[in-house]
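This report introduces one protein chain to a reader who has not seen it before. Please look over the sequence and the structure first.

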Amino acid sequence: MLNKIHHIAIICKNYEISKKFYVDILGLTVINETYRAERHSYKLDLAIDDIYSIELFSFPNPPERPSRPEATGLRHLAFEVDKLETIIKHLEKFKLTVEPIRIDEITQKRFTFTQDPDGLPIEFYEK
């Protein structure tokens, strides 16, 4: 019945800061940017390797996202990377805090986390 995940929607507090994070730091490609005046909201369509992946929304005064303790619901966004050290070095150039590398106890693969500008956990999982 299901073919694939179509996209992930993220609501941000500061559109310009989040746009910079996802486009300039993580390197996602802008497909389309729309300002919806009736909602006072931007919608930014982003792609990874030309595959439509993320919708970044801005809304006036969105509520804070519960993060700790972990709340029920979607927890984090994870990106596959070839080598953790490469993405860690890149993120640290932008003064982002990166958690220590951990090992997935089931797959034995390495992974780490940082956060987007609104505190959404972003995981990087080594291929």
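The sections below go from the whole chain to single residues.

## The chain as a whole

The model is predicted. The secondary structure comes to two helices and eight strands. Read from the N terminus, the order of these elements is β-α-β-β-β-β-α-β-β-β. The radius of gyration is 15 Å, close to the 14 Å that the globule rule gives for 127 residues, so the chain is as compact as a globular protein of that length.

The C-alpha trace spans about 50 × 35 × 35 Å along its principal axes. Of the 127 residues in the chain, 37% are buried. The chain exposes about 8700 Å², and carbon and sulfur atoms supply 55% of that area. Among contacts between residues at least 6 apart in sequence, 47% join residues at least 24 apart.

## Helix 1 and its ends

Helix 1 covers residues 15-25. Its buried residues are Y15, S18, F21, Y22, V23 and I25. K19, in the same helix, is partly exposed, because its relative accessible area of 22% lies above the 20% limit for buried residues.

At the N-terminal end of helix 1, N14 acts as a cap: one of its side-chain oxygens lies 3.2 Å from the backbone nitrogen of E16. Just after helix 1 comes G27, with a positive phi of about 85°.

## The hairpin of strands 2 and 3

Strand 2 takes in residues 29-36, and strand 3 takes in residues 41-48. The two strands pair in the antiparallel sense over seven bridges. They form a hairpin with four residues between them. In the turn, H40 has a positive phi of about 50°.

K43 is placed in strand 3, and T34 stands opposite K43. Is K43 buried or exposed? K43 counts as buried because its relative accessibility is 17%, which is under the 20% cut-off. The side chain of K43 makes a polar contact of 2.5 Å with the side chain of D45. With neighbours within four places in sequence left aside, K43 is in contact with N32, E33, T34, R36, Y52, E55, L56 and F57.

## Salt bridges

Side chains of opposite charge can pair when their charged atoms come close. How many salt bridges are counted here? The count comes to nine salt bridges. One of them joins the side chains of E33 and K19, at 3.0 Å from N to O. E33 lies in strand 2 and K19 in helix 1, so this pair ties together parts that are 14 residues apart in sequence. E33 has a relative accessibility of 37% and therefore counts as partly exposed.

The side chains of E85 and R110 also meet in a salt bridge, at 2.8 Å from N to O. E85 is in helix 2 (residues 84-93) and R110 is in strand 7 (residues 110-115), so the pair ties together parts that are 25 residues apart in sequence. Both ends of this bridge are partly exposed: E85 has a relative accessible area of 35%, and R110 has a relative accessibility of 21%. A further salt bridge, 2.8 Å from N to O, joins the side chains of E99 and R102. E99 is partly exposed at 30%, and R102 is partly exposed at 39%. Salt bridges that share partners join K83, E85, R110 and E126 into one network.

## Positive phi in two loops

Most residues other than glycine have a negative phi. D49 is not a glycine, yet its phi is positive, near 50°. D49 lies in the loop between strand 3 and strand 4, the latter being residues 51-58. D49 is exposed, with a relative accessible area of 70%.

Where does N61 lie? N61 lies in the loop between strand 4 and strand 5, the latter being residues 77-81. N61 has a positive phi of about 55° although it is not a glycine. With a relative accessible area of 73%, N61 is exposed.

Technical notes: Residues are numbered from 1 along each chain as its sequence is written. This is a predicted model: local features need pLDDT of at least 70, side-chain atom pairs count only at pLDDT 80 or more; totals for chains, interfaces and linings use all residues. Side-chain values use heavy atoms; hydrogens and water are left out. Buried means under 20% relative accessible area, exposed over 50%, partly exposed in between (1.4 Å probe, protein chains only). A polar contact is a pair of N or O atoms within 3.5 Å; within protein, one must be able to donate a hydrogen and the other to accept it, and residues adjacent in sequence count only if both atoms are side-chain atoms. Contact means heavy atoms within 4.5 Å. A salt bridge is a side-chain nitrogen of Lys or Arg within 4 Å of a carboxyl oxygen of Asp or Glu. Two strands pair if DSSP finds at least two bridges between them. The radius of gyration is taken over C-alpha atoms; the globule rule is 2.2 Å times the number of residues to the power 0.38. Accessible areas come from the Shrake-Rupley method with a 1.4 Å probe; for residues, only the protein chains shown count as cover.
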